[in-house]
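Subject: Structure handover

Hello,

Here is the structure I said I would pass on. Please keep it open while you read the rest of this message.

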Amino acid sequence: MRLVIVSGRSGSGKSTALDVLEDNGFYCIDNLPAGLLPELADRALIHNELAEPLVAVSIDARNLPSHLSRFPQLLEEVRHKHIQCDVLFLDADEDTLLKRFSETRRRHPLTSADRSLAEAIGVESDLLSPIADLADLKINTTHLNLYQLRDTLKLRLLEKPEAGTAFLLESFGFKRGMPTDADLVFDVRCLPNPYWKPELREHSGLEQPVIDYLAAQPDVEDMFQDISQYLLKWLPRFAASNRAYVTVAIGCTGGHHRSVYLTERLGKLLQGTLRNVQVRHRDLP
């Protein structure tokens, strides 16, 4: 059996996550009372119609505070039943959440006559902290549209094997913000920038003209060797510590040239030594 617990602040994309999981064969339950998690696991285990049940539940701030505070104990009880259980926590920065609620005109579940939307978002963060602290995978959706979030969920959740650590190498541009859900971040803005070559500006780090230019730069090769040696040494240690997901982010200014080139090279190198290495380019069209 595989159980995915989806949580996160309102407006961060929980409904989208459940939709993606449902489209991929999961039986989904929205707003499950957290106290029912162990009972749900028991019922799914004895279900005689599915050899390998796939179940996803959403647990959010509409739960009783006492149930949310007990989440660590409830999760441990479920995992003692030898169930593969992933905790996914979605979030976004507060300005983005405020904007999403303003655009949709939806009511936040914790607002009231005495509590503003901004205050409700802050209270929600405190209520959900026991879940956020235990999340196997955190995804910040601040810079993701609906389709990018769907693609990210498919890549991280649905392509993860039964056991072992899922590694994601992600390129990004600092001008759009640093990915807050990254475990390791490498800044490569000090390297020669193809953007300043008019003939290369419109190409990306996936295209041969940029690849040839960067491959000929000694500093780029030095950076690749230094990062690759670090990752080859330390990523297996992350896997040995039973981490379910590890995200390595490589950033340049715009996320189109240097970070893309290095992420592709590093991904190919690591795929030869580690299982389940995924590559994503956040800021490419």
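What follows covers the pockets, an annotated stretch of residues, the salt bridges and one buried residue.

Please bear in mind that this is a predicted model.

Largest pocket

The largest pocket has a volume of about 520 Å³. Its lining is made up of 23 residues, and G11, S12, G13, K14 and R106 are the ones nearest the centre. Three elements each give two or more residues to this lining: α1 (14-23), α5 (94-104) and α8 (146-158). Of the elements, α1 gives the most, with four residues. Sorted by class, the lining of the largest pocket holds ten polar, seven charged and six nonpolar residues.

The annotated stretch

An unreviewed UniProt entry carries the annotation "binding site" for G8, R9, S10, G11, S12, G13, K14 and S15. Which residues of this set are in the lining of the largest pocket? They are S10, G11, S12, G13, K14 and S15. The annotation comes from the record, whereas the pocket was computed from the model, and the two can be compared residue by residue in the viewer.

Two glycines of the set are worth a look. G11 sits in the loop between β1 (2-8) and α1, and G13 is also found in the loop between β1 and α1. Are they buried or exposed? G11 has a relative accessible area of 23%, so it counts as partly exposed. For G13 the value is 15%, and G13 is therefore buried, the cut-off for buried being under 20%.

Their contacts are as follows. Apart from neighbours within four places in sequence, G11 is in contact with L97, R100 and F101. With residues up to four places away likewise left out, G13 touches L90 and L149.

Second largest pocket

The second largest pocket has a volume of about 320 Å³. It is lined by 21 residues, with L137, K138, I139, T180 and D181 nearest its centre. The elements that supply two or more residues to this lining are β4 (84-91), α7 (129-132), β5 (137-140) and β8 (245-252). Here β5 gives the most, with four residues. The lining of the second largest pocket divides into eight charged, eight nonpolar and five polar residues.

Salt bridges

How many salt bridges does the structure hold? There are 15. A few of them are described below.

R150 and D23 meet through their side chains in a salt bridge, at 3.9 Å from N to O. This pair links distant parts of the chain, as R150 is in helix α8 and D23 in helix α1, 127 residues apart. R150 is partly exposed at 22% relative accessibility, while D23 is exposed, with a relative accessible area of 60%.

E221 and R265 form another salt bridge, and their closest N and O atoms are 3.0 Å apart. E221 belongs to helix α10 (residues 218-240) and R265 to helix α11 (residues 258-271), so this pair ties together parts that are 44 residues apart in sequence. Both partners are partly exposed: E221 has a relative accessible area of 26%, and R265 has one of 25%.

R189 forms a salt bridge with D187, with 2.7 Å between the closest N and O atoms. R189 counts as partly exposed at 39% relative accessibility, and D187 is partly exposed as well, with a relative accessible area of 36%.

There is also a network of salt bridges, which links R9, D91 and E94. R9 is one of the residues covered by the UniProt annotation mentioned above.

A buried glutamate

The last item is E170, which lies in strand β6 (residues 166-173). Its relative accessible area is 4%, and E170 is therefore buried. Which residues does E170 touch, not counting residues up to four places away in sequence? They are P179, T247, V248, A249, I250, T263, R280 and R282.

To find your way around the model, you could start from G11, S12, G13, K14 and R106, which lie nearest the centre of the largest pocket. From there, go on to L137, K138, I139, T180 and D181, nearest the centre of the second largest pocket.

Regards

Methods. Residues numbered from 1 in each chain as written. Predicted model: local features only at pLDDT ≥ 70, side-chain atom pairs only at ≥ 80, totals over all residues. Heavy atoms only, no water. 1 Å grid on protein atoms, 1.4 Å probe; cavity = no way out; pocket = protein on both sides within 12 Å on 5 of 7 lines; lining within 4 Å. Points joined across faces, edges and corners; volume = space filled by probe spheres on them. Nonpolar A, V, L, I, M, F, W, Y, C, P; charged D, E, K, R; others polar. Salt bridge = Lys/Arg side-chain N within 4 Å of Asp/Glu carboxyl O. Buried < 20%, exposed > 50% of the residue type's maximum accessible area, 1.4 Å probe, protein only. UniProt positions renumbered as here; feature names shortened; annotations may be inferred. Contact = heavy atoms within 4.5 Å.
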